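Biologist: I should be grateful for a close look at one part of this model, namely its largest nonpolar core. Please explain also how that part sits among its surroundings.

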Amino acid sequence: MSDQAHRSTRDEHGKEFDRARNQAQRMPIHSESGVLFEQAMAQTRMAICLADPNLPDQPLVFVNRAFRDLTGYEEEEIIGRNCRFLQGPGTDPEQVRKLRQAIANEDVVVVELLNYRKDGSAFWNALHLGPIYNEDGSVRYLFGSQWDVTDVHAARADEKHARMMEREISHRMKNMFAVISSVVTMTGKLDDAEELAEKINARIRSLGRAHEAMLEVSFTEGPTDPHPLFRDLLLPYAPSGEAGLTLEGGAVPLDSNIVSVLALTLHELAINAVKHGAYSVPDGHVRLAWARETDAEGEERLRLDWRESGGPAPEGPPKRRGVGTTIIRRMLAMGDGEISHDWRPEGLRVEISFPTSL
Amino acid sequence: MTEINRPGSGHRPLAGLTVLVVEDEVLIAMDINETLEEAGAEVVYGRNLRQGMQRLEQELDVALLDVTLGRSETCLPIVEALRARGVPFVLHSGDLQRLGETISNIGAPVLEKPCDMGMIIEALQEAVGSAQPGAIRSRG
């Protein structure tokens, strides 16, 4: 082998290195493959090393350029030393034991080790190690290839942390909604207003369900598929379950403001359908369609189209506007939104629109 | 919030004042605006930075500003405009931990969400009272 390393200055490791080279030259590979090996080692971005298991303390006898680039050491600082000089305070002894075991058993092993460069900086090293045999079956070299997987480690840690935070937030939010609910119920009982408390709680539960449904996507940016949100909000009120609900529409921006407005609005529509409309009969059906559109001033709006069918023919506008309707009318008005009711013979139709910048 | 914390119907501590409210959660805005109106104020409302800036064209006595507006905006441009005109304001934020520095740099009274409506009214009264006399507009 005549890697360019052989041209470097000789120092105290020189003798060992010469010996290693001599041994390497006795490797049972004919000259053509030797040239190929040399060129491949020089070009590959994979850090490669060979250690001699037959010398005391199993020293490294060959490393390529990528190995030197990865570790920051010069060749003469590497050759002749056991590769443990790359380990440091953060290196997991368990992984090192695994490595030693594999060498003893002549196994191929892959470990991830925290290693240290010459300048002291740490990197995660995915080390693949395996024996290379002589023709007589004895181990000639230990072949090691290493890859810097620090980025992969960081990404894994970030992802783990984000998942942990999501679970924590989800847990706290459920708890918070539960506590609020209890306070309302308790106050209602003690103040002799249980019926009112239950109405308030129904709205709070809708808000809680809606925000819970959106937790999974809360960390992603941009428009989101609202199907899970609408299902969670409306299915509890559909007497025939899935068969009683049709949802049609694409992704929409779902910031928490919009989720709150949607939750309260759809809650009121569903409650009304249960009391007077399609959901007051077993086979009643609601079709909710939605789309994004741009208004005359260039502002994006979300338009919802709620159509009930299969229920009793509506009697027309109620004589007195209910609390729920009042709440959603005021809320939508605050956000430059609109709502219109159409009491058709086949069922109530409601159109709602509001800016997605709400 | 219980009824106890709300000002009584006869008590109108903000009578005669025009209050700018900038708040991006419409449900919270609904609650605040109704309370301030019950307290006698005339409320001018903006639900985002753009609307808040537009409302500055009107004559104002005091403002209540949500600090974070939408995903990426803050009320800072409104703060500067109000300062330039000598209109006092109170900050209202649910994000004190993340916005600590931004908020302390503004150097105005801060209310943490969720906040008792009575406290909001008090803070607005105090802000008007402590503003320079010239800044308080006399109204007919």
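Modeller: The answer below begins with the core and then moves outward to its neighbours, the contact between the chains and the confidence of the model.

The structure is a predicted model. Its largest nonpolar core has 73 residues, and those that touch the most other members are A:L229, A:W306, A:F354 and B:L36. Helix α9 (residues 256-276) of chain A supplies the largest share, 10 residues. Domain 2 (150-220) and domain 3 (223-358) of chain A both contribute residues, so the core lies between them. As a general matter, nonpolar side chains in soluble globular proteins tend to be buried together.

A:W306 shows what such a position looks like. Leaving aside residues up to four places away in sequence, A:W306 touches A:L234, A:L266, A:L269, A:A270, A:A273, A:V286, A:R287, A:L288, A:L348, A:R349 and A:V350. Apart from the largest core lies another one, of 21 residues, which includes B:L60, B:V79, B:V87 and B:F89.

B:L36, named above among the residues of the core with the most contacts to other members, belongs to helix α1 of chain B, where it is buried together with B:V26, B:A29, B:M30, B:I32, B:N33 and B:T35. This helix covers residues 26-38, 13 residues in total, and its first and last C-alpha atoms are 18 Å apart, close to the 18 Å expected at 1.5 Å a residue. After the helix comes B:G40, which has a positive phi near 100 degrees.

B:V26 leads on to the contact between the chains. Together with B:R47 and B:R71, B:V26 supplies 44% of the area that chain B buries against chain A, more than any other three residues. In all, the two chains bury about 1,300 Å² between them, with 49% of it on carbon and sulfur atoms. Chain A brings 18 residues to this contact and chain B brings 14.

Within chain A, helix α6 (residues 150-190) has 41 residues; at 1.5 Å a residue it should span 60 Å, and the 59 Å between its end C-alpha atoms agrees with this. Its buried residues are A:H153, A:S170, A:M173, A:F177, A:S181, A:V184 and A:G188, and they pack against β3 (109-116), β4 (122-133) and α7 (194-215) of chain A. Just after the helix, A:D192 has a positive phi of about 60 degrees.

Further along chain A, A:P223 is placed in the loop between α7 and α8 (227-234). A:P223 counts as partly exposed because its relative accessibility is 45%, which falls between the limits of 20% and 50%. Its C-alpha atom is 4.0 Å from that of A:P253, although the two are 30 residues apart along the chain. Beyond four places in sequence, A:P223 touches A:A251, A:V252, A:P253 and A:R292.

Finally, the confidence of the model deserves attention. Chain B has a mean pLDDT of 84, and 86% of its residues reach 70 or more. Among the elements of chain B, strand β1 (residues 18-22) has the highest mean, 97, and helix α4 (residues 96-106) the lowest, 77. Residues 1-9 of chain B have a pLDDT below 50, and this stretch has 12 contacts in the model beyond near neighbours in sequence. Over residues 134-140 of chain B the pLDDT also stays under 50. Where pLDDT is low, the predicted coordinates should not be read in detail.

Conventions: Residues numbered from 1 in each chain as written. Chains lettered and ligands numbered in written order. Predicted model: local features only at pLDDT ≥ 70, side-chain atom pairs only at ≥ 80, totals over all residues. Heavy atoms only, no water. pLDDT = per-residue confidence, 0-100. Helix = DSSP H or I, 4+ residues; strand = E, 2+ residues; numbered from the N terminus. Contact = heavy atoms within 4.5 Å. Expected span 1.5 Å × (residues − 1). Buried < 20%, exposed > 50% of the residue type's maximum accessible area, 1.4 Å probe, protein only. Core = buried A, V, L, I, M, F, W, Y, C linked by side-chain atoms within 4.5 Å. Domains from an automatic or database assignment. Buried area = accessible area lost by both parts, 1.4 Å probe.
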